[in-house]
Structures are given as structure tokens and as C-alpha cells.
Amino acid sequence: MGRVRNPRNPPTVLRLRSVEEERALHGLGHRALRSLGDRLGVRVTARGGAVTVHGEPEAARSARRVLEEVLARARDGEEISDLDLERALAGEALGVEAAAAPAPGDDRVVRALDDSYVVPRTAGQKDYIRAIREHDITFAIGPAGTGKTYLAVACAVAALRRGQFRRIVLTRPAVEAGEHLGFLPGDFQAKVNPYLRPLYDALEDLVDFDEMRRTIERDVIEVAPLAYMRGRTLDRCFIILDEAQNTTPEQMKMFLTRMGRSSRMVVTGDVTQVDLPKGVRSGLLHSREVLRAVEGIAFVALGRTDIVRHPLVQEIVEAYEKEDGRKGKEPAP
């Protein structure tokens, strides 16, 4: 890609603020900075305690945001590699315009591909968005169609665009096929796709398909079954556990304890649609009892009035709730 030097565009200068930042840039080396410049169509030089970016204003701002993302990690004491630069580049590509933090009372979550904004449409959804923004862990419990998954993914994409996190991790328990998914045909991706498809559906409204594929390849967005979370520590990640009613208490504890530094978690589920074997307790119900009083964790209850799918969905949910109520009152056989 050609580099443009236009005298009418003054260079963008990023002053280094610490020895850690200088070491991080030295560790990346000139090759990584040249790669950054080639990818964004700018020229990047580092000398004398500063990084200078020459190029068109928008491209130069993008390069600055990528460098600031990497240097922020260096200030936190993290080791920086070429892979971290790739991840920052992918995150920048998700939203070239740096989205400012939402102002109080601003309901807009993120811009979708059709240039509309994702916004909460009910009082319950507004409470949900507020909880995600204000808490490190948020549980959203409610019936189908209330936007639990979609709004969580929208918040994750918005936070990644703002540079709050370096990765999005999306996961679900694959209960219907067993955690190992071994009997399904095909490679790993073919096996997990049917169970992770709702998460992809939400992403596809917000992120261009080609860019989504690239960010998944670069591990900026990770979509994987819950079983693959075991043993990991997830730092600076926005993590979403979907269909959490199908976790066991042990799986829920495992998932919640993956949370690393500067991360955020959203857990969603519908306690009326538990697919666990008979006699196995839902980890979502268990967590609601155990964690309700823990500071920093929010529980949001969404109901029929928060359903925003086809109007019939609300009536279907209500009919099943009435049926369940009648069964609860009937004497045991």
C-alpha cells in the first residue's frame, strides 16, 4: 500500500510517557511499525521519546489509537508482542471511528451496519444496559426475545471499539450434544457452529462479515463452547456466557473464576428452558442464590414486557407460563 505524504497534513505525534512505553516500542521493532504503516497507509517513525505518524488525518488517527492501545498495556506491566499489535489493529478495524464513552442518559449502544443505532427499547432493557456499563459482572435472566444476547454482544462490540478491552470472548454450554460434541460430523468448527450460531447472528448485524472473519482468525473475537474455557485466565476481555441456564453449578463457578484483570462478564439465560438432565441443578439458578449479595455483581430480571420479537412471542411465553402455573397447582400423581 502506498504511503502518502501531504504537506497540508501535519504529522500526528504521540509522546511516550514512561520507560515501559519506550521498552515496548523497542521490543516491537521497526518491522512491526513498518507493518502498521503499510496496513493503514501511513509512515510511522519512533525516535527521541516520541512516535510520529505521517499520512491522511483519519488513517493517522487510526494508527495513533492502535499505538495507544498497545502502550496502555505496556504501562500496566504487560509484555507486548507483534500479536498484540495485530489484535489492536483488528479492534481498530471493527470501528474506525473511535466511539466516545456514552454520556449519561444516552441510550445509544453501538452503530449497526445499516447506520442505525442499537438502543434499548423497553425499561427492562435500559436497566440491563445500565447494569452492564456499571458492573464487572451482570446476570440477565428472562424469556426468549428480550434481547439478552443481542444487547450483550452490542455492548461488547462498543467497548472493543472504545479500546476498553482487547478481546471479546463469547461462549455457550453445548448441552444438547454433550460437552465433547464428539458424535457430530465434521471438523471442530462444523461441530460447534450449530450451538454458537446465535452469537454469530448478533455479531453479523454489527460487524462486516469479512472483518468479523479476520478478527476471529486473529483471536480478537473468540467464539467457543464453555468446556474450552477451563484452566484459562481472561485479562482485559469482554466475556459473554449465553444460555447459562444449561450450566451446572460447577461449570458456572469454573466460568466466573476465569475472569482476569480489567475484564467484564455478562451471563444470560432463560430459567424456563433448562435442558440439563433430570435432577441436575442449573448453575444459573444456583448463582442467583449464592451471589446476589456480592458487591460488583448485578442481577437483571427481564420479563414478557421486554420481549421485542414478533408480537406472538410474547403471547406464546405468557401461554406457557400459565400452563406451568396450572401444573404447579395440580396434586402430584
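**Two sheets and their helices**

In this predicted model, isoleucine 239 has methionine 265 of strand 10 as its bridge partner. That pair belongs to the junction of strand 9 (residues 237-241) with strand 10 (residues 264-269), where the two strands run parallel and are joined by four bridges. Strands of a sheet pair through backbone hydrogen bonds, either parallel or antiparallel.

Strands 9 and 10 are part of an open sheet of six strands, whose order is 8-7-9-10-6-11 and whose pairing is parallel. The edges are taken by strand 8 (221-225) and strand 11 (297-301); each has a single partner strand, so one side of each is left without a neighbour in the sheet. From one strand to the next, the twist averages 15°. Helix 5 packs on this sheet and touches strand 6 (137-141), strand 7 (167-172), strand 9 and strand 10. The direction of helix 5 makes about 170° with that of strand 9.

Helix 5 also has a helical partner. Two packed helices are described by the angle between their axes and the distance between the axes. For helix 4 (residues 123-134) and helix 5 (residues 148-161), the axes come within 11 Å and cross at roughly 40°. The two helices are therefore oblique to each other, and helix 4 passes helix 5 in a right-handed crossing. Helix 4 contributes Gln125, Tyr128, Ile129 and Ile132 to the contact, while helix 5 contributes Lys148, Leu151, Ala152 and Cys155. By character, the residues of this contact are six nonpolar, one polar and one charged.

Another sheet is formed by three strands. This open sheet has the order 1-3-2, and its pairing is antiparallel. Strand 1 (12-15) and strand 2 (43-47) stand at its edges, each with a single partner strand, so that one side of each lacks a neighbour in the sheet. Here the twist averages 15° from one strand to the next. Strand 2 is joined to strand 3 (residues 50-54) by five bridges, and these strands run antiparallel. Within that pairing, alanine 46 has valine 51 of strand 3 as its bridge partner.

Two helices pack on the three-stranded sheet. Helix 1 (residues 19-40) touches strand 1, strand 2 and strand 3, and its direction makes about 155° with that of strand 2. Helix 2 (residues 57-75) likewise touches strand 1, strand 2 and strand 3, with a direction at about 10° to that of strand 1.

Helix 1 and helix 2 also meet each other. Their axes come within 11 Å and cross at roughly 150°, which makes helix 1 roughly antiparallel to helix 2. The crossing of helix 1 past helix 2 is right-handed. Among the residues of helix 1 that meet helix 2 are Leu25, Leu28, Leu33 and Leu36; the helix 2 residues include Ala63, Val66, Leu67 and Val70. The residues of this contact divide into 13 nonpolar, one polar and three charged.

Confidence varies along the chain. The average pLDDT is 81, and 83% of the residues score at least 70. Confidence is highest in strand 6, at 98, and lowest in helix 6 (residues 188-204), at a mean of 67. Over residues 1-7 the pLDDT is below 50, and this stretch has 16 contacts in the model beyond near neighbours in sequence. Residues 177-188 also stay under 50, with 20 contacts beyond four places in sequence. Where pLDDT is low, the predicted coordinates should not be read in detail.

Methods: Residues are numbered from 1 along each chain as its sequence is written. This is a predicted model: local features need pLDDT of at least 70, side-chain atom pairs count only at pLDDT 80 or more; totals for chains, interfaces and linings use all residues. Side-chain values use heavy atoms; hydrogens and water are left out. Axes are lines fitted to C-alpha atoms, for helices over the stretch in contact, and angles run from 0 to 180 degrees between N-to-C directions. Angles under 35 degrees count as roughly parallel, over 145 as roughly antiparallel, 65 to 115 as roughly perpendicular and the rest as oblique. A crossing is left-handed if the near helix is turned anticlockwise from the far one by less than a right angle, and right-handed if clockwise. Contact means heavy atoms within 4.5 Å. Ala, Val, Leu, Ile, Met, Phe, Trp, Tyr, Cys and Pro count as nonpolar, Asp, Glu, Lys and Arg as charged, and the others, Gly among them, as polar. Two strands pair if DSSP finds at least two bridges between them. pLDDT is the predictor's confidence in each residue, from 0 to 100.
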